[in-house]
Amino acid sequence: MGTTEAKMRSYLLLCLSFAACCYPATVRAESPAEMISNFRAQHGERRVTSDPKLTRIAHQQAAAMAAKDHLDHDVLGRFNARIDSAGAGRAAENIAYGYDSFAKTLNQWIDSAGHRKNLLLHNASRVGVASAKSATTGRTYWAMEIAGDYERPKTMASSKQSVSAKPKARASQACRLKILSLCL
């Protein structure tokens with residue numbers, strides 16, 4: 001009876017050790033970057049990683065909206081001016097308020113065509129997400145900055161030098177798409 005009891009205790013200890021070891025991994029909540037990446041992967045886009053610069057920009061935006069208790073992309077100034085320091089070739093922003101968790105906010109963005117388009121920004125590789133609570137109303141404001149094409153500005157800078165050698169007629173064409181002051 002002594003050896004059977006010892007084996008049972010050893011087995012129980014092994015099971016408890018295994019559960020304690022693996023439990024945090026199974027309960028760990030996904031980060032916003034992981035949640036966005038999973039959504040993007042389901043739609044054929046590459047995964048994104050959390051970026052400190054984009055997170056700082058998102059936090060500044062969320063905090064400014066919460067301070068003024070006003071949902072507005074331009075609460076701190078134009079998006080292009082705010083995102084420029086990230087150094088991306090392409091970027092987009094989603095904002096929201098009223099949801100107490102990122103999962104609920106993400107679902108709202110997924111259900112909105114414009115926000116969904118931003119979540120699926122082609123060639124995006126980095127993201128920053130932040131929230132801030134309004135002291136007056138208690139509303140939670142969310143901001144997400146998503147960006148990519150980090151290599152493009154370097155290439156565009158070198159092509160701008162060669163553009164100056166081209167005839168002026170080429171330079172006077174209207175922009176089809178302007179992103180971060182770049183004419184495409």
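Visitor: Which residue does the side chain of Gln-61 make a polar contact with?
Guide: Quick ground rules: this is a predicted model, where local features need pLDDT (the predictor's confidence in each residue, from 0 to 100) of at least 70, side-chain atom pairs count only at pLDDT 80 or more, and totals for chains, interfaces and linings use all residues. Residues are numbered from 1 along each chain as its sequence is written, and side-chain values use heavy atoms, with hydrogens and water left out. A polar contact is a pair of N or O atoms within 3.5 Å; within protein, one must be able to donate a hydrogen and the other to accept it, and residues adjacent in sequence count only if both atoms are side-chain atoms. For Gln-61 the pair is 3.3 Å apart, and the partner is the side chain of Arg-82.

Visitor: Is Gln-61 buried or exposed?
Guide: Gln-61 is part of helix H3, residues 52-68 (helices are DSSP runs of H or I with at least four residues, strands are runs of E with at least two, numbered from the N terminus). Leaving aside neighbours within four places in sequence, Gln-61 has contacts (heavy atoms within 4.5 Å) with residues including Asp-72, His-73, Glu-93 and Glu-145. On the scale used, buried means under 20% relative accessible area, exposed over 50%, and partly exposed in between (1.4 Å probe, protein chains only). Gln-61 has a relative accessible area of 0%, so the verdict is buried.

Visitor: What do the buried residues of H3 pack against?
Guide: The buried set in H3 includes Leu-54, Ile-57, Gln-61 and Met-65. Their packing partners are helix H4 (79-83), S2, S3 and S4.

Visitor: What span should the 17 residues of H3 have?
Guide: The expected span is 1.5 Å times one less than the number of residues. The end C-alpha atoms of H3 are 24 Å apart, which agrees because the expected figure is 24 Å.

Visitor: At the start of H3, which backbone nitrogen does a side-chain oxygen of Asp-51 reach?
Guide: The oxygen of Asp-51 comes to within 3.1 Å of its target. That backbone nitrogen belongs to Lys-53.

Visitor: Which residues touch the most other members of the largest nonpolar core?
Guide: A nonpolar core is a set of buried Ala, Val, Leu, Ile, Met, Phe, Trp, Tyr and Cys residues joined through side-chain atoms within 4.5 Å. In soluble globular proteins, nonpolar side chains tend to be buried together. Here 20 residues make up the core, and those touching the most other members are Ile-36, Phe-102, Leu-119, Val-127, Met-144 and Ile-146.

Visitor: Which elements give two or more residues to this core?
Guide: Both helices and strands chip in. They are helix H2 (32-42), strand S2 (90-97), helix H5 (102-110), strand S3 (124-133) and strand S4 (140-148).

Visitor: How many residues of S3 are buried?
Guide: S3 has company: it runs parallel to strand S1 (residues 49-50) with two bridges, where strands count as paired if DSSP finds at least two bridges between them. S3 also pairs with S4 in the antiparallel sense over nine bridges. S3 is largely enclosed by the rest of the structure, because of its ten residues the buried ones number seven.

Visitor: Which residue in S4 stands opposite Val-129?
Guide: S3 and S4 form a hairpin with six residues between them, and Gly-138 in the turn has a positive phi of about 80 degrees. Across from Val-129 in S4 is Met-144.

Visitor: What phi does Asn-123 have?
Guide: Asn-123 lies in the loop between helix H6 (113-119) and S3. With 27% relative accessibility, Asn-123 counts as partly exposed. Although Asn-123 is not a glycine, its phi is positive, at about 65 degrees.

Visitor: And what phi does Asp-149 have?
Guide: Asp-149 sits in the loop between S4 and helix H7 (152-163), and at 9% relative accessibility it counts as buried. Asp-149 isn't a glycine either, yet its phi is positive, at about 55 degrees.

Visitor: How many contacts beyond near neighbours in sequence does the stretch 14-27 have?
Guide: The mean pLDDT of the chain is 79, and 67% of its residues reach 70 or more. Where pLDDT is low, the predicted coordinates should not be read in detail. Over residues 14-27 the pLDDT is below 50, and the count of such contacts in the model is zero.
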